[in-house]
Amino acid sequence: MVLKLYYEPGVETELDRFREYCEFQEISSGEELGSGRALLLSSKGLGLITPGFDQPLYVKGDKTPLKPFISNLVRACIPKAKRYSKSYSILDAFSGFGYDTLVLALTENKITSLEKDPLIWLILRLSLIHI
């Protein structure tokens, strides 16, 4: 599946990261972005264009260092004896933007993360590369 990726002038050097998955179209300021779902690469980063919304959704990364903690999610998914065993396997079948996957990964157990939506998957994939 080839995804539509709109990009603003000035970000052309970053397009190679998306060449395998996307068809490119340059846009100028104020130009209409079409009627379907697509991605937008701009100076703000990678955004998700969704019909019915005025602005693209940008996933903002938190720059604070992550530290392991026992959250309700960890308590619900990993038995106490296995929390930091590095031998427990967890499947995140609906990973979305990867927040739960990242929290569970802090326990240093094996995490398998799946995302069906190709647009969300691409955003997640690129976010994980920059961790």
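Here are some exercises on this predicted model, each with a worked solution.

Residues are numbered from 1 along each chain as its sequence is written. Because the model is predicted, local features need pLDDT of at least 70 and side-chain atom pairs count only at pLDDT 80 or more, while totals for chains, interfaces and linings use all residues, and side-chain values use heavy atoms, with hydrogens and water left out.

**Exercise 1. Strand 6 and its partner**

Work out which side chains of strand 6 point to the buried face, and how strand 6 pairs with strand 7.

Solution. Start with the limits: strand 6 covers residues 89–92 and strand 7 covers residues 110–113. Strands here are DSSP runs (E, at least two residues) and helices are DSSP runs too (H or I, at least four residues), numbered from the N terminus.

Next, look at the side chains. I90 and D92 point to one face and are buried, whereas S89 and L91 point to the other face and are not. Buried means under 20% relative accessible area, exposed over 50%, and partly exposed in between (1.4 Å probe, protein chains only).

Then check the pairing. The two strands run in the parallel sense over 4 bridges; two strands pair if DSSP finds at least two bridges between them. S89 stands opposite K110, and D92 stands opposite S113.

Finally, follow the chain from strand 6 through helix 2 (residues 99–105) to strand 7: this β-α-β crossover is right-handed. That label applies if, with the strands pointing away from the viewer, the path from the first strand over the helix to the second runs clockwise.

**Exercise 2. Two loop residues with positive phi**

Find where K86 lies and where E108 is found, and say what salt bridge K86 forms.

Solution. Take the backbone to begin with. Most residues other than glycine have a negative phi. K86, which is not a glycine, has a positive phi of about 65 degrees, and phi of E108 is also positive, near 65 degrees.

Now place them. K86 sits in the loop between helix 1 (72–77) and strand 6 and is exposed at 56% relative accessible area. E108 belongs to the loop between helix 2 and strand 7 and is partly exposed at 47%.

Last, join them. K86 forms a salt bridge with E108, with the closest N and O atoms 3.0 Å apart. Because K86 and E108 lie in these separate loops, the pair ties together parts that are 22 residues apart in sequence. A salt bridge is a side-chain nitrogen of Lys or Arg within 4 Å of a carboxyl oxygen of Asp or Glu.

**Exercise 3. More salt bridges**

How many salt bridges does the structure hold, and which residue does R19 pair with?

Solution. The structure holds 5 salt bridges. R19 pairs with D16, the closest N and O atoms being 2.9 Å apart; R19 is partly exposed at 48%, while D16 is exposed at 55%. R17 and E14 also meet in a salt bridge (3.1 Å, N to O), with R17 at 32% relative accessible area and E14 at 34%.

**Exercise 4. Cysteines**

Count the disulfides, then decide whether C22 is buried or exposed.

Solution. A disulfide is a pair of cysteine sulfur atoms within 2.5 Å, and a search of the whole structure finds 0. C22 is buried, with a relative accessible area of 8%, whereas C77 is partly exposed at 31%.
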